[in-house]
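Here's a quick tour of some charged contacts and one helix. Have a look at the sequence and the fold before reading on.

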Amino acid sequence: MVHPRVYEALSRPIVGHLDPYFIEVMGEVQQLVKMAYGTRDGATLIISGTGSAGMEAAVANFVEPETKFAVFANGYFSDRLTEMAKRHGAKVVRFEKAWGETFTDEEAREFIGREKPKVVAYVHAETSTGALQSGKAICSAAHDAGALVIADCVTSLGGVRVDFDQTGIDVAYSCTQKGLSCPPGLSPMAMSPRAMEWLRGRTTPSRSWYLDLKLIHDYSTVSHRYHHTAPISMFYALREALLVIAEEGIEKRWERHRRSHQSFVKGIEAMGLRLHVPEAHRIPTLNTVCVPKGVDEAKVRKRLLDGPGIEIAGGFGPLAGKVFRIGVMGPLATEENVQFFLKEFSEALTAEGYAN
């Protein structure tokens with residue numbers, strides 16, 4: 001759900017993408033996004049494109065032909081990382097688990113120690129499964145092996161603690177339309193000093209000109225020379241969304257999402273339903289509820305959309321038809337909204353034949 005102040009920001013007059021005012025706005029956004037990532041030392045850039053553009057930028061700039069690229073694969077978006085890395089000529093090795101499972105610290109250390117990759121990638125909050133993956137052991141083991149770490153924070157940024165610096169992440173990317181409560185269209189990125197040093201030392205050009213982080217960094221932070229036409233209104237929107245978060249307080253925002261998640265889970269369990277992911281590894285902002293036996297999940301979702309106008313997602317890949325994917329984030333993460341949803345969800349399930 002987009003915050004009303006963000007809609008208002010979208011309506012403000014557009015200036016040119018080299019206008020001093022826009023350069024000022026871009027700089028403010030880069031500083032504000034540090035708060036959401038939890039970084040002081042990292043460099044932040046805003047990619048003109050959705051979260052997938054951020055993913056491609058991370059891969060294109062830190063992967064060269066024959067780079068050994070290790071992926072912790074447990075969902076759809078780790079598969080997308082794999083595909084992008086292959087297209088950029090990487091030698092990909094994967095540690096695979098079932099969709100919804102996570103990796104232990106010991107498993108992470110053993111995999112990285114055995115493979116000795118140059119780049120390691122994992123999904124912090126896997127949108128397809130609802131599983132939250134701790135990154136500390138992954139980052140520690142990767143750094144011991146001399147590798148950089150890429151973290152997909154598309155579903156976590158703004159609603160879940162990322163702790164970029166403390167975790168040891170080198171490159172992270174996200175989107176605007178989930179935890180930041182914006183329309184889609186930009187991808188906020190963060191890079192550690194190690195990553196920036198690696199980027200400056202790269203001798204071959206990125207295979208993607210548009211997503212070349214050296215060029216984007218120069219445009220947005222250093223010389224402000226023209227690189228591409230940035231989507232001005234989306235920068236206005238993202239700045240306003242980040243100001244809303246700053247006014248609430250990022251710690252308070254995380255706590256609000258945690259409380260809303262707990263209330264949601266309590267209500268779901270009271271209906272006799274269960275979640276796909278074990279309690280210790282659930283994403284507070286994205287809940288995967290198992291579809292009860294005998295219920296057609298597509299019909300439940302249609303009933304919600306046609307009736308109260310609530311849109312939730314189904315599963316895909318191995319989880320197709322098996323889970324509902326239900327976001328509780330941004331302005332929706334309140335007790336009132338959670339209870340409203342639970343009531344409507346219960347009625348839709350009952351109408352489709354579910355009996356608790």
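Let's start with the salt bridges: this predicted model comes out with a count of 27. Three of the pairs are set out below.

| Pair | Closest N and O atoms |
|---|---|
| Aspartate 306 and lysine 302 | 2.5 Å |
| Arginine 256 and glutamate 248 | 2.7 Å |
| Aspartate 218 and arginine 225 | 3.1 Å |

How are aspartate 306 and lysine 302 placed along helix 12? They sit 4 residues apart in that helix (residues 297–306), which puts about one helical turn between them. An α-helix has 3.6 residues a turn, so residues three or four places apart point the same way. Aspartate 306 counts as exposed, with a relative accessibility of 53%.

Salt bridges can also share partners, and here that ties Arg5, Arg12, Glu240 and Glu247 into one network.

Back to the other two pairs in the table. Is arginine 256 buried or exposed? Its relative accessible area is 15%, so arginine 256 falls under the 20% cut-off and is buried. Its partner glutamate 248 is partly exposed at 24%. In the aspartate 218 pair, arginine 225 is exposed, and its relative accessible area is 55%.

Now for the helix. Helix 3 covers residues 51–62, 12 residues in total, and runs 17 Å from its first C-alpha to its last. That's close to the 16 Å expected at 1.5 Å a residue. How many of the 12 residues in helix 3 are buried? The number is 10, so most of the helix is covered. Among the buried residues of helix 3 are Gly51, Met55, Val59, Asn61 and Phe62, along with the alanines Ala53, Ala57, Ala58 and Ala60.

Notes
Residues numbered from 1 in each chain as written. Predicted model: local features only at pLDDT ≥ 70, side-chain atom pairs only at ≥ 80, totals over all residues. Heavy atoms only, no water. Helix = DSSP H or I, 4+ residues; strand = E, 2+ residues; numbered from the N terminus. Expected span 1.5 Å × (residues − 1). Buried < 20%, exposed > 50% of the residue type's maximum accessible area, 1.4 Å probe, protein only. Salt bridge = Lys/Arg side-chain N within 4 Å of Asp/Glu carboxyl O.
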